[in-house]
Structures are given as structure tokens and as C-alpha cells.
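Open the model in your viewer and keep the selection tool at hand. Each stop says what to select and what is there.

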Amino acid sequence: MLFTGGIAAVLSFIVIAFIFIKRKKITCMAGMMAAMALGMLAGLTGGLLAGISYNGNLFLSTILGMAFGFLAGFLAGMPISIMAIIDGVLSGVMGGMMGAMLGEMIAPEYRDSTVHIMLVLFVGMACIVLYMLQQETGFNRAFLINKLFHNPLWLAIVLPLFFYLYNHLYNEFSRSSNLPITNPPMNHFMEGCNQTASPLSIETKGKKVVIEATEFYYFPESLQLTVGQPVTLILKNSGQMEHDIEFENMKILLQQNDHGNHADAGVHVHSLPGKTAKVTFIPIESGVFRFYCTVPGHKESGMVGFAKVS
């Protein structure tokens, strides 16, 4: 989410800087359109990212989305006129509210796709706004935006390359929360168990995954796991209520938690407010598995996530 937000912030800065530099040549109508477009885009994107990051707290995500849109619209309209400021601010506030509601309502399995779509919209509209402003201030074929719009070959090369790099880096940032660690010898896990782990399960390096729980969401809400690779799942309860995690229909070879050793008992870990609990297990079946909080009412309030095992 931070990576996508960073790209949106850089593009917003470029548009605002262009408006400041060329403000004497930009007409009031063009400035109003630019401020309105940038305010709406920044509000939608900021509200969406805030709604996903602070799922379950619609008030906070709405305030953040409105603030992002307000700031972008105000800065874009300020060099032009009062009317441009009003257009930009009102569009930004409206976009922030809509983006926050979208981020709150979107199902967890569709969040990454929605963020990608929003970035495509942001990049495309930002380029159109820059092209419009460039035409207003004097056409310059050497300007990169003009090259892209007037040469289909440039467009066919630059945009696919940009989104390919974005998707690659986005996936790398998403996986960075699953920190690899060297797994200690696991022979003692087998005491009292009726099954024997394969040599691969015992010697393979493991992953350490930290999930933070609060009212009422998990962070992160999606995990990437590997079949046969030991996983140490740490539940950090930062909320004011007790929370837990239970995986739905996930098959495991063995596990150890704070309460002892169990074989094929399913993945479940519970933590009191301000406390940390952990469980170690090895997934043995690929697929997408849902996890949620079993405390009454918490799942219904949004404490749901997904783990992809491949």
C-alpha cells in the first residue's frame, strides 16, 4: 500500500510543480479542470488505501482520504485562482469519502486488484492532465508527455514497462512482511505425535510471519506460504480486546503453539490484549485458505484474511 501511495504522491507532485512553474500561462478554466481532476484522483486513491489499511475504522479512513484530496486539490488550484482552489478542494473531499467507502467495502481477495486498477486510472489521468496543461502553455514536442501521446510506439513501450515494473515491485513489497528465518531443529516437535515429518519438512528454512490484530482488522490481511515450508506465525494483539486467528480447512503436518504440541489439529492461535502468541506449523496442501477471528462478532466486523499456499 505504501508503494502505491508513493507513486501517486510523486505523480501528484509532478502535476502540482508543473502548475506552479507554468501558472502565468495556464488559463483559469484549464487550472480549474486540473485542480478538480488531481483532487478527485488523490482523494479516491488516498481514501481507498486508507480504507484498506484501516479497515473497520471508517471514520479514520474517511478523514485521511479527505485530507489527501483536500491537500492535492488546494495545492493544484492555489497558483491559479480562488475558483480553482474551490473546485480542487471540493473534488478532493468528495473523492476521499468515496475512496474510503470503497476500501471499507471491498472484499479482501479483491483488494490488490482494486489498488492496481486505481493506479492505472491515476497514471492515465495524470498524463492526460499534463498533456492538457502542456497544450495550454505552448506545445513542446520534446516534452515526454507529448512524445507518449503523439508516438504510439513510445506509448506501447513505456506504459507496459511501467506497469510490469510496478507489479513486480508491488509483489516484492507484499512478500517483505514474511521474513525468512533459519528454522531450528524440529525433532522435538514429534514427541507425542503419531506422524513422522519428511526430511524436507525438518531441514527446510522457515518463515516468520507477524500479524497484528486490533479492532477489527488484521495487518497484513494476506499471506504467501509454501507447501512443506515451516511457518512461525506470531499474533501480536495491539487492541483492547482478545483476538485469535483460525485457518479454515488448512491441512498441516504438525504444529507447536504456546499450549503444547499437536498433530494435524488445525492452525489456531489466541492472544489477550497487549500480548503476543505464536504457533509453528507446516502447510501440506496448496490453495487459498481463509483465516478469521473466532471471537463472537469479530469476523462479521471485518477480521478476515486470506493465505495463499503454493
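**Stop 1: a nonpolar patch**

Select L58, M94, M97, M98, M101 and M105 in this predicted model. Together they make a nonpolar surface patch of about 580 Å². Helix α4, residues 82-105, supplies the largest share of the patch, with 5 residues. Now pick out L58, which belongs to helix α3, residues 58-77. L58 is partly exposed, because its relative accessible area is 37% and partly exposed covers values between 20% and 50%.

**Stop 2: the open sheet**

Move on to the strands. Select β4, β12, β11, β6 and β9. These 5 strands form an open sheet in that order, with mixed pairing. Which strands stand at the edges? They are β4 and β9 (268-271). Each has a single partner strand, so one side of each is left without a neighbour in the sheet. Ignoring direction, neighbouring strands here are turned by 20° against each other on average.

**Stop 3: along the edge strand β4**

Stay with β4, residues 222-225. In a regular strand, side chains alternate between the two faces of the sheet. Show the side chains of β4 and look for that pattern. L223 and L225 point to one face and are buried. S222 and Q224 point to the other face and are not buried.

Next, add β12, residues 304-309. β4 and β12 run parallel and are joined by 4 bridges. Select S222 and look across to β12: its bridge partner there is F306.

**Stop 4: through β11 to β6**

Keep F306 selected and add R290. F306 in β12 is also the bridge partner of R290. Strand β11, residues 287-292, pairs with β12 in the antiparallel sense over 6 bridges. On to β6, residues 243-247. β6 and β11 pair in the antiparallel sense over 2 bridges. Select F247, and you will find F291 of β11 standing opposite.

**Stop 5: the salt bridge**

How many salt bridges does a search of the whole structure find? It finds 1. Select R290 and E248, whose side chains meet in a salt bridge at 3.0 Å, N to O. R290 lies in strand β11 and E248 in the loop between β6 and β7, so the pair ties together parts that are 42 residues apart in sequence. Check the accessibility of both partners. R290 is partly exposed, with a relative accessible area of 27%. E248 also counts as partly exposed, at 27% relative accessibility.

**Stop 6: N249**

Select N249, in the loop between β6 and β7 (252-257). Most residues other than glycine have a negative phi. N249 has a positive phi, near 65°. Is N249 buried or exposed? N249 is exposed, because its relative accessible area is 64% and the cut-off for exposed is over 50%. Now draw a distance from its C-alpha atom to that of F289. The two C-alpha atoms are separated by 6.9 Å, although N249 and F289 are 40 residues apart along the chain.

**Stop 7: two histidines**

Select H298, in the loop between β11 and β12. H298 is buried, because its relative accessible area is 3% and buried means under 20%. What does its side chain contact? The side chain of H298 makes a polar contact with the side chain of H243, at 3.1 Å.

**Stop 8: two cis peptide bonds**

Finish in the backbone. Most peptide bonds are trans. Select E215 and F216: a cis peptide bond joins them, with omega about -10°. F216 lies in the loop between β2 (206-214) and β3 (217-219). Then select F219 and P220. The peptide bond from F219 to P220 is cis too, with omega near 0°. P220 sits in the loop between β3 and β4.

Terms used. Residues are numbered from 1 along each chain as its sequence is written. This is a predicted model: local features need pLDDT of at least 70, side-chain atom pairs count only at pLDDT 80 or more; totals for chains, interfaces and linings use all residues. Side-chain values use heavy atoms; hydrogens and water are left out. Buried means under 20% relative accessible area, exposed over 50%, partly exposed in between (1.4 Å probe, protein chains only). Patches are made of residues with over 30% relative accessible area and no salt bridge: like charges are joined within 9 Å, nonpolar side chains (Val, Leu, Ile, Met, Phe, Trp, Tyr) within 5 Å. Accessible areas come from the Shrake-Rupley method with a 1.4 Å probe; for residues, only the protein chains shown count as cover. A salt bridge is a side-chain nitrogen of Lys or Arg within 4 Å of a carboxyl oxygen of Asp or Glu. Two strands pair if DSSP finds at least two bridges between them. Axes are lines fitted to C-alpha atoms, for helices over the stretch in contact, and angles run from 0 to 180 degrees between N-to-C directions. A polar contact is a pair of N or O atoms within 3.5 Å; within protein, one must be able to donate a hydrogen and the other to accept it, and residues adjacent in sequence count only if both atoms are side-chain atoms.
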